[in-house]
Amino acid sequence: MIQNNFSLTDHNTFGINVKAKSYTTFSRTKELKKILSSEEVKGKQKLILGGGSNILFTKDFDGIVIKNRIKGIEVEKQNAEFVWIKANAGESWNDLVKYAIANGYGGIENLSLIPGSVGAAPMQNIGAYGVEIKDVFFELEAMHIDTTDEVRFTKKRCQFGYRDSIFKNFYKDQYVITNVTLKLTKELILNLSYGAIQTELHAMGIYRPNINDVSKAVCKIRESKLPDPKVIGNSGSFFKNPVISIEKFNALKIEFPEIASYKLSKKQVKLAAGWLIDNAGWKGKTIDNYGVHKDQALVLVNHGGANGSDIFKLSEDILADIKAKYDIVLEREVNIL
Ligand SMILES: Cc1cc2nc3c(=O)[nH]c(=O)nc-3n(C[C@H](O)[C@H](O)[C@H](O)COP(=O)(O)OP(=O)(O)OC[C@H]3O[C@@H](n4cnc5c(N)ncnc54)[C@H](O)[C@@H]3O)c2cc1C
């Protein structure tokens, strides 16, 4: 069923009050094929929507929003060491994490509590606390929006990068991801490279953690650091952490000795965008009913009733200021519509 003039306020975690000209949902690939092939939908601008946790709507959407509700998680195959889990794209990512932990399958516990759907996770190669989906990714299936051909994408074909994949670039707006297969481990292999996890585990009195303990520690850290979109509208990190050359980093370090950084290689350094924005004085800045979160400079927030275009303008001002202060061009992580 297609609904017209549909409010998207409850369908984006920023809580922006916009409308879609048309809106529909699908729970099976067959249904999706039918929608995409129908004369009513062909030729219209389309937005495939998951949980709306990585989108900033700056205006009403003048096309059809197609919401993914394909559910289901299954074990595709397994051996002594690994298990291949196929999850349909409309599943909640965090439910998939919980399923994996409940069954003792490791690899995504560090990605606990990331909002959104399974289908959107490979789009921007979701990552947190030293792990990215690409580390456990096996393959995905997707439907071409125009031809409705169903295509399998291996890990190599997805061209994963930092918060990036082929679906954000070369194949932007061309495919609907319908399911994702992850290769998880049955052995206890933990990634505790992110110092805060160890600290949290020790605070919990745990010195020999299992995947459930790591998940709990990650959830605790996230709950203490990140604003809950149910309480205050936001889309998580608004900007990506910039990667710069070592030469540029050395020059910046002289001017800003405290600059937060992570050495990627002999030639490249990743900077904490949050530090750059905080140091430029933006943290906690409030303009009318929107602004920068009081504790997280990377998170832009809607205090209630804000316009997406105002929040976008704020992001433009921050970009310009960061360029002027550090000669660094930040990139947005959030999809702007
Ligand atoms: C509080 C908070 C914390 C967050 N923390 C993190 C974090 O730690 N790490 C991280 O990486 N991200 C984080 N995010 C961002 C967000 O959760 C992820 O990007 C998530 O994968 C988005 O999923 P979604 O279903 O909500 O996508 P949506 O916002 O619905 O869509 C995002 C994009 O993907 C496209 N898309 C969605 N589903 C499909 C599909 N099935 N096929 C094709 N295209 C599709 C949409 O068209 C859109 O372009 C956070 C967000 C919030 C609000």
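The questions and answers below walk through a predicted model, starting at its ligand and moving on to its strands.

Q: Which residues come nearest to the ligand?
A: The shell around the ligand holds 35 residues, and these divide into 16 nonpolar, 16 polar and three charged. Out of the 35 residues, those that come nearest are Ile48, Ser53, Ser117, Gln124 and Arg222.

Q: Which residue has a polar backbone atom 2.8 Å from a nitrogen atom of the ligand?
A: Oxygen atoms of the ligand have backbone partners too, since a polar backbone atom of glycine 51 is 2.8 Å from one oxygen atom, and a backbone N or O atom of asparagine 54 also lies 2.8 Å from an oxygen atom of the ligand. For a nitrogen atom of the ligand, the polar backbone atom at 2.8 Å belongs to isoleucine 177.

Q: What percentage of the ligand's exposed area does the protein bury?
A: The starting point is the ligand taken alone, which exposes 980 Å². Strand 3 (46-49), strand 8 (127-128) and strand 12 (175-185) each give two or more residues to the shell around the ligand. Of the area that the ligand exposes when alone, the protein buries 94%.

Q: Which residue in strand 12 stands opposite alanine 142?
A: Strand 10 covers residues 137-144 and is mostly covered, with seven of its eight residues buried. This strand pairs with strand 12 in the antiparallel sense over seven bridges. Opposite alanine 142, in strand 12, stands the residue whose backbone also has a polar atom 2.8 Å from a ligand nitrogen, namely isoleucine 177.

Q: Which residue in the hairpin of strand 10 and strand 11 takes a positive phi?
A: Strand 10 and strand 11 (residues 150-154) run antiparallel and are joined by five bridges, and leucine 140 has phenylalanine 153 of strand 11 as its bridge partner. Five residues lie between the strands of this hairpin. The residue that takes a positive phi, near 60 degrees, is threonine 148.

Q: Which strands are the edge strands of the open sheet with the order 14-16-15?
A: This open sheet has three strands with antiparallel pairing, and its twist averages 35 degrees from one strand to the next. An edge strand here pairs on one side only, and that description fits strand 14 (243-245) and strand 15 (261-263).

Q: What is the bridge partner of tyrosine 262 in strand 16?
A: Strand 15 runs antiparallel to strand 16 (residues 268-271), and three bridges join them. Within this pairing, the partner of tyrosine 262 is lysine 270.

Key. Residues are numbered from 1 along each chain as its sequence is written. This is a predicted model: local features need pLDDT of at least 70, side-chain atom pairs count only at pLDDT 80 or more; totals for chains, interfaces and linings use all residues. Side-chain values use heavy atoms; hydrogens and water are left out. A residue is near a molecule or strand if one of its heavy atoms lies within 4 Å of it. A polar contact is a pair of N or O atoms within 3.5 Å; within protein, one must be able to donate a hydrogen and the other to accept it, and residues adjacent in sequence count only if both atoms are side-chain atoms. Accessible areas come from the Shrake-Rupley method with a 1.4 Å probe; for residues, only the protein chains shown count as cover. Helices (H or I, at least four residues) and strands (E, at least two) are DSSP runs, numbered from the N terminus. Ala, Val, Leu, Ile, Met, Phe, Trp, Tyr, Cys and Pro count as nonpolar, Asp, Glu, Lys and Arg as charged, and the others, Gly among them, as polar. Buried means under 20% relative accessible area, exposed over 50%, partly exposed in between (1.4 Å probe, protein chains only). Two strands pair if DSSP finds at least two bridges between them. Axes are lines fitted to C-alpha atoms, for helices over the stretch in contact, and angles run from 0 to 180 degrees between N-to-C directions.
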